[in-house]
Amino acid sequence: GAGDGGVVASLTVRSTAPGFQFYTGNWIDGEVGKGGACYRQWEGLAIEPQHYPDGVCEDKYGIGKCVVLDEDNPEYLHRMQFDFKLK
């Protein structure tokens, strides 16, 4: 979990997508956000369930190529569930 001042948080992510992108706040350096809050390095993260980056071209992982959207197949749906808990 992530801790701040004795509060511990945990996040569980479930998705029908086979992979995910994880971004840290490494590049943040004094960015001003919502309500004037100032964010420093490592004070943010993002988790984005998705197919693997090269999934359109290859089936390296035995899960099949990812969906290609076109006129015959204009929609892509998957499920995501984020469970956030404070301890």
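A strand, in the sense used below, is a DSSP run of type E with at least two residues, and strands are numbered from the N terminus. The model treated in these exercises is predicted.

**Exercise 1. Place Val7 in the chain and describe its exposure.**

*Solution.*
Step 1. Val7 belongs to strand 2, which covers residues 7–15.
Step 2. The relative accessible area of Val7 is 40%. Buried requires a value under 20% and exposed a value over 50%. Val7 is therefore partly exposed.
Step 3. Val7 also contributes to a nonpolar surface patch of about 660 Å², together with Leu11, Val13, Met80, Phe82, Phe84 and Leu86. Strand 2 and strand 7 are the elements that give two or more residues to this patch. The largest share, four residues, comes from strand 7.

**Exercise 2. Describe the secondary structure and the overall character of the chain.**

*Solution.*
Step 1. Count the elements: there are seven strands and zero helices. Along the sequence this gives the pattern β-β-β-β-β-β-β.
Step 2. Consider burial: of the 87 residues in the chain, 9% are buried.
Step 3. Consider the surface: the chain exposes about 7,200 Å², and 53% of this is supplied by carbon and sulfur atoms.
Step 4. Consider the contacts with a separation of 6 or more: residues 24 or more positions apart account for 58% of them.

**Exercise 3. Find the salt bridges and state how exposed their partners are.**

*Solution.*
Step 1. The search of the whole structure yields two salt bridges.
Step 2. One of them joins the side chains of Asp83 and Arg14, with an N to O distance of 2.6 Å. This pair links distant parts of the chain, since Asp83 lies in strand 7 (residues 80–86) and Arg14 in strand 2, 69 residues apart.
Step 3. Asp83 has a relative accessible area of 25% and is therefore partly exposed. Arg14, at 46%, is partly exposed as well.
Step 4. A salt bridge is also formed by the side chains of Glu43 and Arg40, with an N to O distance of 2.6 Å. Here Glu43 is partly exposed at 34%, whereas Arg40 counts as exposed at 54%.

**Exercise 4. Determine what is notable about the backbone of Trp42, and describe the surroundings of this residue.**

*Solution.*
Step 1. Locate the residue: Trp42 lies in the loop between strand 5 (38–39) and strand 6 (45–50).
Step 2. Examine the backbone: the phi angle of Trp42 is near 75 degrees, a positive value in a residue other than glycine. Most residues other than glycine have a negative phi.
Step 3. Examine exposure: the relative accessible area of Trp42 is 55%, so this residue counts as exposed.
Step 4. List the contacts: leaving aside residues up to four places away in sequence, Trp42 touches Thr24, Gly25 and Asn26. The C-alpha atoms of Trp42 and Asp29, which are 13 residues apart along the chain, are separated by 8.8 Å.

**Exercise 5. Two glycines, Gly6 and Gly25, are found in loops: decide whether each is buried or exposed, and examine its partners.**

*Solution.*
Step 1. Gly6 is found in the loop between strand 1 and strand 2. Its relative accessible area is 70%, so Gly6 is exposed.
Step 2. The C-alpha atoms of Gly6 and Lys87 are separated by 9.2 Å, although these residues are 81 apart along the chain.
Step 3. Gly25 is found in the loop between strand 3 (19–24) and strand 4 (31–32). With a relative accessible area of 2%, Gly25 is buried.
Step 4. Not counting residues up to four places away in sequence, Gly25 touches Arg40, Gln41, Trp42 and Gly44. The C-alpha atoms of Gly25 and Leu45, 20 residues apart along the chain, are separated by 5.5 Å.

**Exercise 6. Assess the confidence of the prediction.**

*Solution.*
Step 1. The mean pLDDT of the chain is 81, and 90% of the residues reach 70 or more.
Step 2. Compare the elements: strand 7 has the highest mean pLDDT, 92, while strand 1 (residues 2–4) has the lowest, 53.
Step 3. Apply the general rule: where pLDDT is low, the predicted coordinates should not be read in detail.

Conventions
Residues are numbered from 1 along each chain as its sequence is written. This is a predicted model: local features need pLDDT of at least 70, side-chain atom pairs count only at pLDDT 80 or more; totals for chains, interfaces and linings use all residues. Side-chain values use heavy atoms; hydrogens and water are left out. Buried means under 20% relative accessible area, exposed over 50%, partly exposed in between (1.4 Å probe, protein chains only). Contact means heavy atoms within 4.5 Å. Accessible areas come from the Shrake-Rupley method with a 1.4 Å probe; for residues, only the protein chains shown count as cover. A salt bridge is a side-chain nitrogen of Lys or Arg within 4 Å of a carboxyl oxygen of Asp or Glu. Patches are made of residues with over 30% relative accessible area and no salt bridge: like charges are joined within 9 Å, nonpolar side chains (Val, Leu, Ile, Met, Phe, Trp, Tyr) within 5 Å. pLDDT is the predictor's confidence in each residue, from 0 to 100.
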